[in-house]
Amino acid sequence: MKLDEKFRTHTCGELNKKYVGKKVKLSGWIDSIRQQGKIGFINLRDRYGITQCFVGKELIEKIQGLRKDCVLQITGKVNARPKNQIKKEISTGDIEVKADNINVLTMADPLPLDDNATEDTRLKYRYIDLRKKELQEMLKKRHEAVLFMRNFLDKKGFYEITTPVLTKSSPEGARDFLVPSRLHPGKFYALPQSPQQYKQLLMLAGFDKYFQIAPCFRDEDARADRSPGEFYQLDLEMSFVTQEEILNLTEELFIKLIERIFPEKKITKKPFPRITYEEAMKKYKTDKPDLRKNKKDKNELAFAWIIDFPLFEPELENGNYAPMHHMFTMPKENDLPLLDKDPSKVKSYQHDLVLNGIEIGGGSIRIHDPRIQEKIFDLIGFSKEHKKYFKHMLEAFRYGAPPHGGIAPGIDRTLMAIIGTKSIREIIAFPKNKEARDVMMDAPSEVLPGQLDDLHISLKKKK
RNA sequence: GCCCUGAUAGUGUAGUUGGUUUAUCAUACGGCCCUGUCGAGGCCGUGACCCGGGUUCGAAUCCCGGUCAGGGCGCCA
């Protein structure tokens, strides 16, 4: 590793016996500082580890007033520790750096939280809490997992393509986040609930293997395993593909991901068991069963596929049908005649991936025939207004649509299920709270004076 | 929109059937001591009952309303 030597020659996790006698420069935060008469010790911390620095009497004045999390640069010589002082728990435990120069880069106020702090306090000062080893490790795992997904799919011939964040509102589904348009007063963009429509249009364009680490926005309330407001999903789609091929690819991705990034975890059954929706509801009374025999064993990962979902939820009072998955899901070919006779009996090509009782992803084979799509819109009870919203989709499918399908595992939720954290917030660098507030930034917030002037919007406050 | 739980020094907590409470303890913070510590140690000190109303001789404690936080229901194509 080549580091800029103005600030450091080595990291705080790097030095060991081999470096004894070397002159080094370290930069980092004070993890702890102890003074004992005319000598002192500073444990200097960075992302890579902690190195103990010895402060002799000639420098002792220099460290008066320093406290935890002040940022220092320490220059000195690496010394071996006496045998009885070796600390095996840390990577740098057999050496210490005898400081001959201490440069205070920035002072730190006393920290507003410590290791005992409740989650409330920790979220408010997330940037301090993130300094903790466990959280650094969590974000490292997330990085490694996402990088693995990218490399895996790249090798399989996928292109990563980003799709717009400022896009069009869609009826049905979750509540949209709306963004007022300055250039088009009275009109709004919506943030995407998923890149669903764009990825299907990419299939029409001929990009037969696509993926994206996609931000998704849904204005719905939180749960312990549901991040409110926004989340990321591994959105992927393929053309000329069967459901079987989608399941196999996804399965290979997850098995290799866990072998590589989480080798301590054991997958209970390979290939993943496949359970029909009907079977799951009958046997487990849920469509996301937890198949672990021993839930106390945190190392067990029980994956399962749920397939053969009904296309629709039970008929609504107004005679309409709500899609179980979404309105682009393909009915099973054999059930197509049932669309006219008894839509509630139609099964679909929907597939959900469940891990330890958490639904970590869902997908389907999509409709590529505009006539079927229009029939589904009718069954859902779309008005002319609603259909106008999707005019572009119906039109697009008239110009040559390949059969296609995909899946979209949630990144945060998958990691939560694999690692076994209680709350999804632990997996996210800057999570929102239950009410979708960012307590650290204090968002959402009031607009600044003048910000609404060009938007022709007036504010109505909640009572 | 609804239900449940909670809120005490900077942080985490004890105390909550109303009254020796001058509100407990730890940590952090400030001062002093200490030449091999590493969760350092010792002595001293500063610092708090979420907000508004009510009941009462007296409220951190009981009641009402609110705010904030967590979990659940609804919601999540």
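## A walk through chain A and RNA strand B

Start by colouring chain A by its two parts: domain 1 covers 17-106, and domain 2 runs over 124-427. Keep in mind that this is a predicted model. Drop a marker on the C-alpha centre of each domain and you'll find domain 1 and domain 2 sitting 49 Å apart.

Next, select RNA strand B and whatever surrounds it. You should pick up 52 residues, and the closest are Gly-37, Gly-173, Asp-221, His-326 and Asn-433. Try colouring this surface by class: 20 residues are charged, 18 are polar and 14 are nonpolar.

Which elements should you highlight along that surface? At least two residues each come from β1 (23-36), β2 (39-46), β3 (49-55) and α1 (119-124). Zoom in on β1, since this strand gives the most to the surface near RNA strand B, with four residues.

Now leave the RNA and select helix α3 (residues 133-155) together with helix α5 (residues 243-261). Their axes are 10 Å apart, and the helices pack at an angle of about 135 degrees. Because angles over 115 and up to 145 degrees fall outside the perpendicular and antiparallel ranges, α3 counts as oblique to α5. The crossing of the two, α3 and α5, is right-handed.

Finally, show side chains where these helices touch. On the α3 side, pick Lys-141, Glu-144, Ala-145, Phe-148, Met-149 and Phe-152; they meet Leu-253, Lys-256, Leu-257, Arg-260 and Ile-261 in α5. What does the make-up of the contact of α3 with α5 look like by class? Seven of its residues are nonpolar and four are charged, with no polar ones.

Definitions and conventions: Residues are numbered from 1 along each chain as its sequence is written. Chains are lettered from A and ligands numbered from 1 in the order in which they are written. This is a predicted model: local features need pLDDT of at least 70, side-chain atom pairs count only at pLDDT 80 or more; totals for chains, interfaces and linings use all residues. A residue is near a molecule or strand if its C-beta atom, placed from the backbone, lies within 6 Å of it. Ala, Val, Leu, Ile, Met, Phe, Trp, Tyr, Cys and Pro count as nonpolar, Asp, Glu, Lys and Arg as charged, and the others, Gly among them, as polar. Domain bounds come from an automatic or database domain assignment. Axes are lines fitted to C-alpha atoms, for helices over the stretch in contact, and angles run from 0 to 180 degrees between N-to-C directions. Angles under 35 degrees count as roughly parallel, over 145 as roughly antiparallel, 65 to 115 as roughly perpendicular and the rest as oblique. A crossing is left-handed if the near helix is turned anticlockwise from the far one by less than a right angle, and right-handed if clockwise. Two residues are in contact if their C-beta atoms, placed from the backbone, lie within 7 Å.
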